[in-house]
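Let's walk through this structure together, from the overall layout down to a few individual residues. Keep the 3D view open as you read.

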Amino acid sequence: MNEVKSNTQEPTSFALVDCVSYSGIEKKQFYYSIPTSDRPAIGDVHKIQFGNKNTLGVIRKITSTKPGDIKNMKPLGVNIYLPYSIPSYYLDLADWMRDYY
């Protein structure tokens, strides 16, 4: 995978991301800083750095408030350009399936 873009400016918004390669039982989402030059949307797929590897992540929420308990936040990686973002009803269906099964 390509390298994750570095951000030299202070981010003004943050993304809550579902990591595709996370395989825990409980729902875990992770915050990434959004570079000021990017304008991601909920349902966009991005390359992200997760641990010591690069993987894919789906944006679930965007906020302008920095989460207080995170000290060193990694930047959101490059956008994987798809014809459209994953619709919210598919994301809701995936959450329901994860909780039900």
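A residue counts as buried here when its relative accessible area is under 20%. By that standard, buried residues make up 35% of the 101 residues in the chain. Please bear in mind that you are looking at a predicted model. The chain exposes about 6900 Å², and carbon and sulfur atoms supply 52% of that area.

Now for the layout. The secondary structure comes to 1 helix and 5 strands, and reading from the N terminus the elements run β-β-β-β-β-α. Contacts across the sequence are plentiful in the tally: of the contacts with a separation of 6 or more, 66% are between residues 24 or more positions apart.

How are the strands arranged in the sheet? The 5 strands form an open sheet in the order β2-β1-β4-β3-β5, with antiparallel pairing. At the edges sit β2 (30-34) and β5 (79-80), each of which pairs on one side only. As a reminder, strands of a sheet pair through backbone hydrogen bonds, either parallel or antiparallel.

Let's cross the sheet, beginning at the β2 edge. Strand β1 (residues 13-19) is joined to β2 by 5 bridges, and the two run antiparallel. To find the register, look for Leu 16, which stands opposite Tyr 31 in β2. On from there, β1 and β4 pair in the antiparallel sense over 6 bridges, and here Phe 14 has Thr 63 in β4 as its bridge partner.

Thr 63 is a good place to pause. This residue lies in strand β4. Is Thr 63 buried or exposed? Its relative accessibility is 19%, so Thr 63 counts as buried, given that the cut-off for buried is under 20%. Leaving out residues up to four places away in sequence, Thr 63 touches Ser 13, Phe 14 and Tyr 31. Tyr 31 is the residue that stands opposite Leu 16, while Phe 14 is the bridge partner of Thr 63. The side chain of Thr 63 also has a polar atom 3.2 Å from the backbone nitrogen of Thr 65.

The next step across the sheet takes us to β3. This strand and β4 (residues 53-63) pair in the antiparallel sense over 6 bridges. Two pairs help to fix the register: Gln 49 stands opposite Asn 54, and Val 45 has Val 58 as its bridge partner. The hairpin of β3 and β4 has 2 residues between the strands, and in this hairpin Gly 51 takes a positive phi near 70 degrees.

Why is β3 described as largely enclosed by the rest of the structure? The reason is that 5 of the 6 residues of β3 (residues 45-50) are buried. Besides its pairing with β4, β3 pairs with β5 in the antiparallel sense over 2 bridges. Here His 46 stands opposite Asn 79 in β5, and with that we have arrived at the other edge strand.

From β5 we follow the chain into the loop that leads to α1, where Ser 85 has its place. With a relative accessible area of 25%, Ser 85 is partly exposed. Setting aside neighbours within four places in sequence, Ser 85 is in contact with Ala 41, Ile 42, Gly 43 and Asp 44. The contact with Asp 44 includes a polar one between the two side chains, at 2.4 Å. Ser 85 can also be placed relative to β4: its C-alpha atom is separated by 9.3 Å from that of Val 58, although the two residues are 27 apart along the chain.

Our last stop is helix α1 (residues 88-100), where Tyr 89 is found. Tyr 89 is exposed, with a relative accessible area of 54%. Which residues join Tyr 89 in making a nonpolar surface patch? They are Tyr 90, Leu 93, Trp 96, Met 97, Tyr 100 and Tyr 101, and together with Tyr 89 they make a patch of about 900 Å².

Definitions and conventions
Residues are numbered from 1 along each chain as its sequence is written. This is a predicted model: local features need pLDDT of at least 70, side-chain atom pairs count only at pLDDT 80 or more; totals for chains, interfaces and linings use all residues. Side-chain values use heavy atoms; hydrogens and water are left out. Patches are made of residues with over 30% relative accessible area and no salt bridge: like charges are joined within 9 Å, nonpolar side chains (Val, Leu, Ile, Met, Phe, Trp, Tyr) within 5 Å. Accessible areas come from the Shrake-Rupley method with a 1.4 Å probe; for residues, only the protein chains shown count as cover. A salt bridge is a side-chain nitrogen of Lys or Arg within 4 Å of a carboxyl oxygen of Asp or Glu. Helices (H or I, at least four residues) and strands (E, at least two) are DSSP runs, numbered from the N terminus. Buried means under 20% relative accessible area, exposed over 50%, partly exposed in between (1.4 Å probe, protein chains only). Contact means heavy atoms within 4.5 Å. Two strands pair if DSSP finds at least two bridges between them. A polar contact is a pair of N or O atoms within 3.5 Å; within protein, one must be able to donate a hydrogen and the other to accept it, and residues adjacent in sequence count only if both atoms are side-chain atoms.
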